[in-house]
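Reader: I have not seen this structure before. Please take me through its helices, its cores and its aromatic rings.

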Amino acid sequence: MEEELKPVETQEVKMGFVARILGVFFEPKKVFNFLNSKPSWFFAFLLILLIGVVIAEITLPQNLLLQKEIVSQSPKISSAPEVLDKMTEITTGKRITAAISTPIVAFIWLLILTSVVYFFCNIILGGESSYKKLLSIVTYTFFIPALGSILKIPLIIVKNSADVQTSLE
């Protein structure tokens with residue numbers, strides 16, 4: 001007697017945007033399986049950029065203090081107060097330029113990192129994933145260091161120093 005092979009019924013998994021973000025931490029396999037069937041990266045990338053911009057604005061005073069401290073300890077750069085003040089003025093004046101260039105640079109780094117992952121997974125290891133799927137997976141993995149950055153904000157403010165380390169970086 002021959003058994004008839006029946007196709008396995010696949011259950012359509014629906015995951016909203018917030019569920020995917022939370023799932024990266026609590027159900028990563030489910031999220032990455034979903035991204036395998038329906039790759040999406042753009043809104044995740046925008047949210048990560050927004051988180052980065054907000055964190056940069058909140059921690060700007062502490063970052064400037066750390067920058068001044070590093071420059072003042074450098075033997076090659078004059079640590080005269082007027083030089084440090086001029087450096088702070090230039091840094092704060094370039095915030096609009098940074099706001100424009102940061103998303104562009106972040107996107108380029110995302111593409112480079114995804115290309116490296118694509119090269120290793122598909123060419124070296126012989127996988128068969130599409131670039132868009134890997135782009136989605138790489139983008140969603142950035143929520144882990146983003147959470148680390150969010151958790152560092154209170155530490156940075158309390159210590160009044162940007163020199164704070166966590167294991168989520």
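## Questions on the fold

Author: Read from the start of the sequence, this predicted model runs α-α-α-α-α-α-α-α.

Reader: How many helices and how many strands does the chain have?

Author: The pattern along the sequence is α-α-α-α-α-α-α-α. The count is therefore 8 helices and 0 strands.

Reader: What share of the residues counts as buried?

Author: Buried means under 20% relative accessible area. The chain has 169 residues, and the share of them that meets this cut-off is 24%.

Reader: Which helix supplies the largest share of the largest nonpolar core?

Author: That core has 10 residues, among them Met15, Val31, Phe34, Leu35 and Phe143. At least two residues come from each of α1 (17-26), α2 (28-37) and α3 (42-58). The largest share is 3 residues, and the helix that supplies it is α2.

Reader: Which residues does valine 31 touch, leaving out those up to four places away in sequence?

Author: Valine 31 belongs to the largest nonpolar core. Met15 and Val24 are also members of this core. With residues up to four places away left out, valine 31 touches Met15, Ala19, Arg20, Gly23 and Val24.

Reader: Where does α8 bend, and by about how much?

Author: Helix α8 covers residues 143-159 and reaches 24 Å from its first C-alpha to its last, close to the expected 24 Å. A proline, proline 154, follows the bend within four residues. The bend is at lysine 152, a buried residue, and amounts to about 35°.

Reader: What covers the buried residues of α8?

Author: The buried residues of α8 are Phe143, Ala146, Gly148, Lys152, Ile153 and Ile156. Their cover includes α1, α3, α4 (60-73) and α7 (131-141).

Reader: Why is the pair of tryptophan 41 and phenylalanine 107 called stacked?

Author: The structure holds 8 aromatic pairs. In this one the ring centres are 5.8 Å apart. Planes under 30 degrees apart count as stacked. The pair is stacked because its planes are at 25°.

Reader: How many residues apart are tryptophan 41 and phenylalanine 107?

Author: Tryptophan 41 lies in the loop between α2 and α3, while phenylalanine 107 is in helix α6 (residues 95-124). The pair links distant parts of the chain, and the separation is 66 residues.

Reader: Is tryptophan 41 buried or exposed?

Author: Tryptophan 41 forms one aromatic cluster with Phe42, Phe43, Phe45 and Phe107. The cut-off for buried is under 20% relative accessible area. Tryptophan 41 has 18% relative accessibility, so this residue counts as buried.

Definitions and conventions: Residues numbered from 1 in each chain as written. Predicted model: local features only at pLDDT ≥ 70, side-chain atom pairs only at ≥ 80, totals over all residues. Heavy atoms only, no water. Buried < 20%, exposed > 50% of the residue type's maximum accessible area, 1.4 Å probe, protein only. Core = buried A, V, L, I, M, F, W, Y, C linked by side-chain atoms within 4.5 Å. Contact = heavy atoms within 4.5 Å. Expected span 1.5 Å × (residues − 1). Bend = angle between axes of the 7 residues up to and from the residue. Phe/Tyr/Trp six-rings, centres within 6.5 Å; stacked < 30°, edge-to-face > 60°.
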